[in-house]
Structure formats: C-alpha cells, structure tokens
Amino acid sequence: MTLSPVVIVVAVLFVVIALAGLAFVRRANSTSGAPIAASPAPAPTTRDRIFFLRFEGSDDESYVGDLIARHGGTATDAEAIREMALDLVRAAPTATHVHAGPASDAPAGPGVARSGLPGGIVVGFRVVSTRALGTVSDDTDLKAIVAELRAIASFTGRDVQRAELVKATPDVEATAPPLVAVRVETRPGHQQCTYCLHSFPAHETRCPGCGARVGQ
Ligand SMILES: [Zn+2]
C-alpha cells in the first residue's frame, strides 16, 4: 500500500493542528482555568479598629483602672481578646466620651487619645482583625459602640490577630479624632436623675450625683 502525497500532507497537518490545539488548551488552563479551581483563598483583608472610652467619677475610674490592670496589654489569643472586649462592653454604659473608627484614625495607637478634658480615665482599645465590622456612624450613640464591641467579643481565632487594651493619655494635640460626648439616653441600662441629670445604672435606687432617691 502506498500513500499519496495528499494523504501524507493532510495527516501531517492534522497532527500539527492537534498538537497546537493541545498546547493552547494547556496554556489556557495554566493562566486562567487552573487558578480558579486550585488557588488558596486570597489573603484576608486586615480590618483594624480603634476605640477610646472616657470615664469620670471615682467609682468608674477605679473600676476601669482595675479592668486595665486585669486585662490590659497586648493579646494575640482570641480568648484573651474576647475578655478585653467583654470587659469594655460591661464598662461602656457609663462612658462619658468616646471615639470608634478605623485604626488609621489614630496613628499614635491606643495610648494617646485626643481630649482636653480634665480628670477622668481614658481607655484605648485597638483590634487587628481579618473580619469586617459594621461601622459606627454616630459616635455619640453608645449602644452602637457597645454593639461593635460585642461583635469583636464574638470573633474567633481566625477573625482576630491582635488587640491592645491600654490606659490612654489624653492630649489635645493628639493625631486622633477628638472624643465626643455620649448622648445620655443612648447608654444601655441607664437612667437619668430627674434632679441633677446625672446618668447612672438602672438598678441603682439612689443617684450617685445628688443622692436623690429614684426608681420607685
Ligand atoms: Zn441626681
């Protein structure tokens, strides 16, 4: 059997086209097809948050001072970070001035808060996490800030990388947004004295501001 030149040319062309087609498919797989199936998850976006909460009055100042002594410092463990956040959730209802926002707001970190108010104690809390948080659009709404702290307390080890809880030094010149006064009516679990307008926990029966009997 002899093959005509035409048949040989067609056969060679067929092989060449088949090889070219195979090379094209492999190339396409390596550039666009394969990464979709086999690549690891993209690097998580870091979502850093910073909080400043100011407290005033001897009871609050000693409570918050103890809190900082107990859980202050830097933590990388999710459980320790959760304790920090929960401590702040418990203390937050009596905060007088606050700021919450992205950590980039305060390049000097949680140790310096922008406030010119005399006295009181300011706690700074910075969280480096991989999970996006809802933003607090109105810092004067303490309930919204507490909700954000609660969200951080629910973070797992995969969500959170590091947190710092420190006593912040108030400084009018600090490169951070100024602390804003909390609207009293947004304090969770609080009542306001009808005589002196002092705000205090709802379970108390005597106003710590003026001593008036309240609640009954
Ligand atoms: Zn009062």
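Reader: How far does α3 reach from its first C-alpha to its last?

Author: This is a predicted model, where local features need pLDDT of at least 70, side-chain atom pairs count only at pLDDT 80 or more, and totals for chains, interfaces and linings use all residues. Residues are numbered from 1 along each chain as its sequence is written. Helices (H or I, at least four residues) and strands (E, at least two) are DSSP runs, numbered from the N terminus. α3 has 14 residues, and its reach is close to the 20 Å expected at 1.5 Å a residue (1.5 Å times one less than the number of residues): 20 Å.

Reader: Within what arc do the buried residues of α3 fall?

Author: A residue is buried if 20 or more other C-beta atoms, placed from the backbone, lie within 10 Å of its own, exposed if 12 or fewer, and partly exposed in between. In α3 the buried ones are Ile81, Met84, Ala85, Asp87, Leu88 and Ala91. They line one face of the helix, because their arc (of the directions from the helix axis to the C-beta atoms) is 155°.

Reader: Which elements cover the buried residues of α3?

Author: Contact here needs C-beta atoms, placed from the backbone, within 7 Å. The cover of the buried α3 residues includes β1, α2, β2, β5, α4 and β6.

Reader: What distance separates the end C-alpha atoms of α4?

Author: α4 runs over residues 142-153. Its twelve residues should span 16 Å at 1.5 Å a residue, and the model agrees: 16 Å.

Reader: Which elements do the buried residues of α4 pack against?

Author: Leu142, Ile145, Val146, Glu148, Leu149 and Ile152 are the buried residues of α4. They fall within an arc of 160° seen down the axis, so they line one face of the helix. Their packing partners are α3, β3 and β5.

Reader: Which exposed residues sit on the face of α2 turned away from its buried side?

Author: The buried residues of α2 are Asp60, Val64 and Leu67. They cover an arc of only 50° around the axis, which puts them on the same side of α2. What covers them includes β1, α3 and β5. The face turned away carries Ser58, Asp59, Ser62, Ala69 and Arg70.

Reader: Is Ile68 buried, partly exposed or exposed?

Author: Ile68 belongs to helix α2. Leaving out residues up to four places away in sequence, Ile68 touches Val123, Leu165, Val166 and Lys167. Ile68 has 19 C-beta neighbours inside 10 Å, so it counts as partly exposed.

Reader: What separates the C-alpha atoms of Ile68 and Gly124?

Author: Along the chain the two are 56 residues apart. In space, their C-alpha separation is 9.7 Å.

Reader: Which residues touch the most other members of the largest nonpolar core?

Author: A nonpolar core is a set of buried Ala, Val, Leu, Ile, Met, Phe, Trp, Tyr and Cys residues joined through C-beta atoms within 7 Å. The largest one has 39 residues. Elements that each supply at least two of them include β1, α3, β5 and α4. The members touching the most others are Leu53, Ala92 and Val98.

Reader: Which residues does Ala92 contact beyond its neighbours within four places in sequence?

Author: Ala92 is one of the core members that touch the most others. The contacts of Ala92 are Leu53, Leu142, Ile145, Val146 and Leu149.

Reader: Which residue in β3 is the bridge partner of Leu53?

Author: Two strands pair if DSSP finds at least two bridges between them. β1 and β3 pair in the antiparallel sense over six bridges. Across from Leu53, the partner in β3 is Val98.

Reader: Which residue in β7 is the bridge partner of Val98?

Author: β3 also joins antiparallel strand β7, residues 180-181, by two bridges. There the partner of Val98 is Val180.

Reader: Is Leu197 buried or exposed?

Author: Leu197 lies in the loop between β8 and β9. Its phi is positive, about 65°, although it is not a glycine. Most residues other than glycine have a negative phi. With 11 C-beta neighbours inside 10 Å, Leu197 counts as exposed.

Reader: What phi does Gly73 take?

Author: Gly73 comes just after α2. Its phi is positive, at about 110°.

Reader: What share of the residues in the protein is buried?

Author: The protein comes to four helices and nine strands. Among contacts between residues at least 6 apart in sequence, 77% join residues at least 24 apart. Of the 216 residues, the buried share is 29%.

Note on methods. Two residues are in contact if their C-beta atoms, placed from the backbone, lie within 7 Å.
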